[in-house]
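Trainee: I would like to learn how to read a ligand site together with the pocket that holds it. Could you take me through one example, step by step?

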Amino acid sequence: MERSAAVLTDEQSRALTEQGFVAVSSFVSGDELDAIRTMFDRLFKEKVGQDEGRQFDLAGGKREGSLKLPQILEPSDYAPELRDLDVIARASAITQAYFDSDATPVMGEHMIFKPAHVGNVTPWHQDQAYHDPAMDERSINFWIALDDTDVENGCMQYVPGSHGNDVLPHHPIGHDPSVHGLEVDEPEALTHTTVACPLQAGGCVMHLPKTLHYAGPNRTARQRRAYILIIQAPPVKRAVPVDNYWMRRDGG
Ligand SMILES: O=C(O)CCC(=O)C(=O)O
């Protein structure tokens, strides 16, 4: 794909490298934002993916009726129009420029919903804790706000510089092995300094695979919808794989 002019400024790129995250306003335009919102609402309303385990409660809530942190994995399998959006080309161009790599496929996509009043917390974690323990990912997570987000309705929060850590020990949320979502062990010891990233709808916050992040519960009457794209440059093989025992749900 041809490189577009959509790259980070030097200052944004430096922030991503030094802090492990950077927020950008107006990442998605009006029409495109409307299109993503419409698809988001349809996919959750139609409960797509529930039978295949692609729509579920990230924090382990009940399957029917009371999902508190519903997530859809790979939503473009149910709404292929998503693949045609300019935002994917823009995110790919940024990832190519940032990692100086021509090969930047989409590594994953999700939609995460924090419904008004009940949206659950997304606990502190590193994305790399979910991934291949033999590899160090080189990817950017683009978290795109489909609604105005702030601390009260569950905007993203980060520990600046935490991507300088290796993969930290994690456990399934609530120590329940049936729950997909992960939480870092002893988060209180790791989160003395945090930065909240409120965004207007259409804004985006980008982070790296080892950056510790969190999003609080939704305590408001406003919904909080997010579309998340992960774009990957080729990963690097680790000298020593991570012992990610938290992903072996047999407890072994
Ligand atoms: O939207 C959320 O609540 C959490 C998102 C997240 O953890 C991520 O994008 O890596």
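**Reading a ligand site**

Mentor: Let us begin with a polar contact, bearing in mind that this is a predicted model: an N or O atom in the side chain of Arg224 lies 2.8 Å from an oxygen atom of the ligand.

Trainee: How much of the ligand does the protein bury?

Mentor: Taken alone, the ligand exposes 300 Å², and the protein buries 96% of that.

Trainee: Which other side chains place a polar atom 2.9 Å from an oxygen atom of the ligand?

Mentor: Trp143 does so with a polar side-chain atom, and His213 has a side-chain N or O atom 2.9 Å from a ligand oxygen.

Trainee: How many residues surround the ligand, and which are the closest?

Mentor: The shell consists of 13 residues, the closest being Thr122, His125, Trp143, His213 and Arg224. By class, the shell divides into 5 nonpolar, 5 polar and 3 charged residues. At least two shell residues come from each of strand 4 (106–114), strand 5 (122–125), strand 6 (135–145), strand 12 (213–215) and strand 13 (224–237).

Trainee: How should I think about the space itself, and which pocket does the ligand take?

Mentor: The general idea is that rolling a probe the size of a water molecule over the atoms shows where empty space is left. In this structure, the space taken by the ligand is the largest pocket, which holds about 490 Å³ of space.

Trainee: Which residues lie nearest the centre of the largest pocket, and which elements give two or more residues to its lining?

Mentor: The lining has 28 residues, with Gln71, His110, Asp127, Tyr130 and Ile230 nearest the centre of the pocket. Two or more lining residues come from each of strand 3 (70–73), strand 4, strand 5, strand 6, strand 12 and strand 13, and the largest share, 5 residues, is from strand 4.

Trainee: How does the lining of the largest pocket divide by residue class?

Mentor: The lining comprises 13 nonpolar, 11 polar and 4 charged residues.

Terms used:
Residues are numbered from 1 along each chain as its sequence is written. This is a predicted model: local features need pLDDT of at least 70, side-chain atom pairs count only at pLDDT 80 or more; totals for chains, interfaces and linings use all residues. Side-chain values use heavy atoms; hydrogens and water are left out. A residue is near a molecule or strand if one of its heavy atoms lies within 4 Å of it. A polar contact is a pair of N or O atoms within 3.5 Å; within protein, one must be able to donate a hydrogen and the other to accept it, and residues adjacent in sequence count only if both atoms are side-chain atoms. Accessible areas come from the Shrake-Rupley method with a 1.4 Å probe; for residues, only the protein chains shown count as cover. On a 1 Å grid over the protein atoms alone, a cavity is a set of points where a 1.4 Å probe fits but cannot get out, and a pocket is an open set with protein on both sides within 12 Å along at least five of seven lines; lining residues have an atom within 4 Å of a point. A molecule sits in a cavity or pocket if more than half of its atoms lie within 2 Å of its grid points. Helices (H or I, at least four residues) and strands (E, at least two) are DSSP runs, numbered from the N terminus. Ala, Val, Leu, Ile, Met, Phe, Trp, Tyr, Cys and Pro count as nonpolar, Asp, Glu, Lys and Arg as charged, and the others, Gly among them, as polar. Grid points are joined across faces, edges and corners, and a volume is the space filled by probe spheres set on the points.
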